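Here's a protein model to walk through, one region at a time. Keep the viewer open and click along as you read.

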Amino acid sequence: MKPEYLEIAERIGARLCRDALWSGGRCNWTGECTGRGATTYQSLGPDVYGGTSGIALFLWRLAEATGDRIFRMTAQAAIRQALSRMPQAGCGLYAGGLGILLTAAEIQGDCHEPAMLQQAAPTPGNLDLLYGSAGAIGVLLRRHLQRGGSRWMETAVAHGDLLLLEALRSGEGWSWKTTSTARNLTGFSHGTAGIGLALLELWRATGEGRFREGAMEAFRYERSCFNPEERNWPDFRADPPSYPVLWCHGAGGIGFSRLRAWQISGDRELLAEARTAVEVTAESLHWLKGFCLCHGVAGNASQLVYASQVLGEERWMAAAGEAAAQAAERFECSGAPWVCGMGVEGNEVPGLMLGLAGIGYFYLTMADPERVPSVLMA
């Protein structure tokens, strides 16, 4: 345990508890919302990505690490608020009802099995890690290991078969239509990296060769898109494509997928891709402006922590530690507001993937990576 990192997480948690708005045993927060050319503030939704269940997850992990009663009570009130907004559409882990119920199960100790299985039903068109089947598979496989019973595995297999059914199969490999872009996306949150890893995890759990084939074809599609000059994979949402280094798009998230895929398969080509992604991600820490998990320094540094664990190489943990220390000096020690996912200095938001809860979660991971693994792996 590294107490200097835990202290930063505690200070962030205390600010979230201070700013919580309470009513009837539940609590919520307000956050910035941008749309139609205007910025407004509104109460948060229930999802893990930017809503009350994501904040609850951070505060609960913080309560486990510190034993603090205020963190625990606020986490419980926040998840009650999220559950009051159920049911939610979709089987998404980060942006759907399944993630809310998973968080509630951890905090309340209640499996919510019937509701979770109902929420986890595969939905054609909802395929990626953020919103759909790729994220659901990881949840279902974990619940199967923890709880036993055939329904968790059966539902995970149904998601895998949906992904295979909806794959666009070409000479470049297999990809999936998750957005309205002209070319199907690479990357972890919306693209083939997240889907490929989910299929590989399903192969590991079931031994069914069709899932391994789908995973390797997904990685082959991304391999065909790799730009050696950029040392990165393209984001096809822009025309011409851009080459971000983030968890959501580009080498930041693709590194997570390749590290885990190499662990599972032992494939040397995947290991080489993982090393490229990790090296590029380490370089990105010097020029990224924001510090959030989804598309900031905290997300990329989290990948380096994971790389250190998987590869057994201390230099990546050291690079993550340097980034964490520099950010602490820039923000916490100076009293300056954290640059969150909106990308504007002074505009802090409370949520997990774009805001303070995620930054606090990152420092919890830095304090004890073995006990608090990154929330960025489904």
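What follows is a tour of helix packing, charged pairs, backbone oddities and a few surface spots.

One thing before starting: this is a predicted model, so treat each value below as computed from that prediction.

Let's begin with how helices sit against each other. Two packed helices are described by the angle between their axes and the distance between the axes. Take helix α6, residues 133-147, and helix α7, residues 150-166: their axes are 8 Å apart and the packing angle is about 160°. Angles over 145 degrees count as roughly antiparallel, so α6 is roughly antiparallel to α7. As for handedness, the crossing of α6 past α7 is left-handed.

Further along the chain, look at α10 and α11. Here the axes come within 8 Å and the crossing angle is roughly 150°. That angle makes α10 roughly antiparallel to α11. And the way α10 passes α11 is, once again, a left-handed crossing.

Stay with those two helices, since charged side chains come up here. Side chains of opposite charge can pair when their charged atoms come close. In this model the count of salt bridges comes to 20. One of them is between R258 and E273, whose closest N and O atoms are 2.8 Å apart. R258 belongs to helix α10 (residues 251-265) and E273 to helix α11 (residues 268-284), so this salt bridge ties together parts that are 15 residues apart in sequence. Are these two residues buried or exposed? Both R258 and E273 are buried.

Now move to E313, which has a salt bridge to R275 with an N to O distance of 2.7 Å. E313 sits in the loop between α12 (297-311) and α13 (314-332), while R275 is in helix α11, so this pair links parts that are 38 residues apart in sequence. Buried means under 20% relative accessible area, so E313, at 17%, counts as buried. R275 has 28% relative accessibility, so R275 counts as partly exposed. E313 also forms a salt bridge with R315, and in that pair the closest N and O atoms are 3.6 Å apart. R315 is partly exposed too, with a relative accessible area of 49%.

Which residues are joined into one network by salt bridges that share partners? They are E222, R223, R258, E269 and E273. You've already met R258 and E273 as a salt-bridged pair, so that's a handy place to start when you trace the network on screen.

Next, the backbone. There is a cis peptide bond between M86 and P87, with omega about 0°. P87 lies in the loop between α3 and α4 (97-108). Another cis peptide bond joins D239 and P240, and its omega is about 5°. P240 is in the loop between α9 (209-225) and α10.

The loop between α9 and α10 also holds R231. What is the phi of R231? Phi is near 55°, a positive value in a residue other than glycine. With 30% relative accessibility, R231 counts as partly exposed.

Time for the surface. W22, I70 and M73 form a nonpolar patch there, and together they have about 280 Å² of accessible area. I70 is part of helix α3, which covers residues 69-83. Its relative accessibility is 42%, so I70 counts as partly exposed.

To finish, here are a couple of distances to give you a feel for the scale. W287 is in the loop between α11 and α12 and is partly exposed, with a relative accessible area of 49%. Go from W287 to H144 and you cover 143 residues along the chain, with their C-alpha atoms separated by 41 Å. The other pair starts at E213 in helix α9, a residue that counts as partly exposed at 45% relative accessibility. From E213 to G296 the separation is 83 residues in sequence and 33 Å in space, C-alpha to C-alpha.

Notes. Residues are numbered from 1 along each chain as its sequence is written. This is a predicted model: local features need pLDDT of at least 70, side-chain atom pairs count only at pLDDT 80 or more; totals for chains, interfaces and linings use all residues. Side-chain values use heavy atoms; hydrogens and water are left out. Patches are made of residues with over 30% relative accessible area and no salt bridge: like charges are joined within 9 Å, nonpolar side chains (Val, Leu, Ile, Met, Phe, Trp, Tyr) within 5 Å. Accessible areas come from the Shrake-Rupley method with a 1.4 Å probe; for residues, only the protein chains shown count as cover. A salt bridge is a side-chain nitrogen of Lys or Arg within 4 Å of a carboxyl oxygen of Asp or Glu. Helices (H or I, at least four residues) and strands (E, at least two) are DSSP runs, numbered from the N terminus. Buried means under 20% relative accessible area, exposed over 50%, partly exposed in between (1.4 Å probe, protein chains only). Axes are lines fitted to C-alpha atoms, for helices over the stretch in contact, and angles run from 0 to 180 degrees between N-to-C directions. Angles under 35 degrees count as roughly parallel, over 145 as roughly antiparallel, 65 to 115 as roughly perpendicular and the rest as oblique. A crossing is left-handed if the near helix is turned anticlockwise from the far one by less than a right angle, and right-handed if clockwise.
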